[in-house]
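Below are some notes on the model you sent, set out as numbered points. They begin with one charged residue and its surroundings, and then turn to the helices and the chain as a whole.

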Amino acid sequence: MGRGKFKSKPTGHRQFSTPEDLLAGTSTRPRTFSKKEAEYDEVEEEIVESSEEESGDESEGQDEKKKGIQGIIEIENPNLVKPKTLKARDIDIGKTTELSRREREEIEKQRARERYMRLQEQGKTEEARKDLERLALIREQRAEAAKKREEERAAKEQKKVAARK
């Protein structure tokens with residue numbers, strides 16, 4: 001036990017696991033380990049696989065090394081997609097990819113908007129018809145107002161001519 005303000009360094013408390021502990025799975029080693037230990041694990045796996053082949057218990061479905069509790073509980077997760085790496089020569093050019101629901105809906109919205117704008121320009125929608133009617137009324141009112149102004153101007157000129165005589 002250390003005395004005083006400062007704690008002692010933890011270097012004296014280290015425990016090293018033996019290869020037997022590693023095989024048994026009871027080691028307390030950290031997740032990251034050195035290259036030598038990785039090579040040791042690979043050799044160990046080869047030995048286990050060769051013993052399985054000799055006994056005739058081949059499991060073709062378990063090629064991948066499973067992490068955590070995945071080996072204990074087997075769950076079919078439909079959202080879990082394993083990424084497939086494709087090389088440039090393996091890509092099928094003629095294959096068409098299916099669009100997602102959101103992408104399809106977005107394309108449909110754009111097409112509907114374009115169709116509506118085209119009909120709007122041609123004047124076939126109700127909104128366009130109402131706008132055209134409103135424009136026709138405004139044109140008539142402006143034409144009438146211009147006609148009245150012309151008449152008033154002509155009347156003023158006639159008064160001026162009559163006042164001069």
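1. Arg164 is found in helix H4, which covers residues 126–164. In this predicted model, the residue has a relative accessible area of 72% and is therefore exposed. Together with Lys156, Lys159 and Lys160, Arg164 forms a patch of positive charge on the surface.

2. Helix H4 also holds a salt-bridged pair, Arg153 and Glu150, which lie three residues apart, or about one turn of the helix. The closest N and O atoms of Arg153 and Glu150 are 3.0 Å apart. Neither partner is buried or fully exposed by the cut-offs of 20% and 50%: Arg153 counts as partly exposed at 46% relative accessibility, and Glu150 counts as partly exposed at 47%.

3. A second pair in helix H4 is Arg134 and Asp131, likewise three residues apart and thus separated by about one turn of the helix. Their side chains meet in a salt bridge with an N to O distance of 3.0 Å. Arg134 is partly exposed, at 46% relative accessibility, and Asp131 is partly exposed as well, with a relative accessible area of 29%.

4. In helix H3, the side chains of Glu105 and Arg101 meet in a salt bridge at 3.3 Å, N to O. Glu105 and Arg101 are four residues apart in this helix, so about one helical turn separates them. As for their accessibility, Glu105 counts as partly exposed at 37%, while Arg101, with a relative accessible area of 48%, is partly exposed too. The structure holds three salt bridges in total.

5. Helix H3 itself runs over residues 101–122, and its 22 residues reach 32 Å from the first C-alpha to the last, which is close to the 32 Å expected at 1.5 Å a residue. After H3 comes Gly123, a residue whose phi is positive, near 80°.

6. Which kinds of element make up the chain, and how many of each are there? The chain has four helices and zero strands, and from the N terminus on the order of its elements is α-α-α-α.

7. On burial and surface, 4% of the 165 residues of the chain count as buried. The accessible surface of the chain comes to about 17500 Å², and carbon and sulfur atoms account for 51% of that area.

Methods:
Residues numbered from 1 in each chain as written. Predicted model: local features only at pLDDT ≥ 70, side-chain atom pairs only at ≥ 80, totals over all residues. Heavy atoms only, no water. Helix = DSSP H or I, 4+ residues; strand = E, 2+ residues; numbered from the N terminus. Buried < 20%, exposed > 50% of the residue type's maximum accessible area, 1.4 Å probe, protein only. Areas by Shrake-Rupley, 256 points an atom, 1.4 Å probe, with all protein chains shown as cover. Expected span 1.5 Å × (residues − 1). Patch = residues over 30% accessible without salt bridge, like charges linked within 9 Å, V, L, I, M, F, W, Y side chains within 5 Å. Salt bridge = Lys/Arg side-chain N within 4 Å of Asp/Glu carboxyl O. Lys, Arg positive; Asp, Glu negative; His and termini not counted. Charge placed at Lys NZ, Arg CZ, Asp CG, Glu CD.
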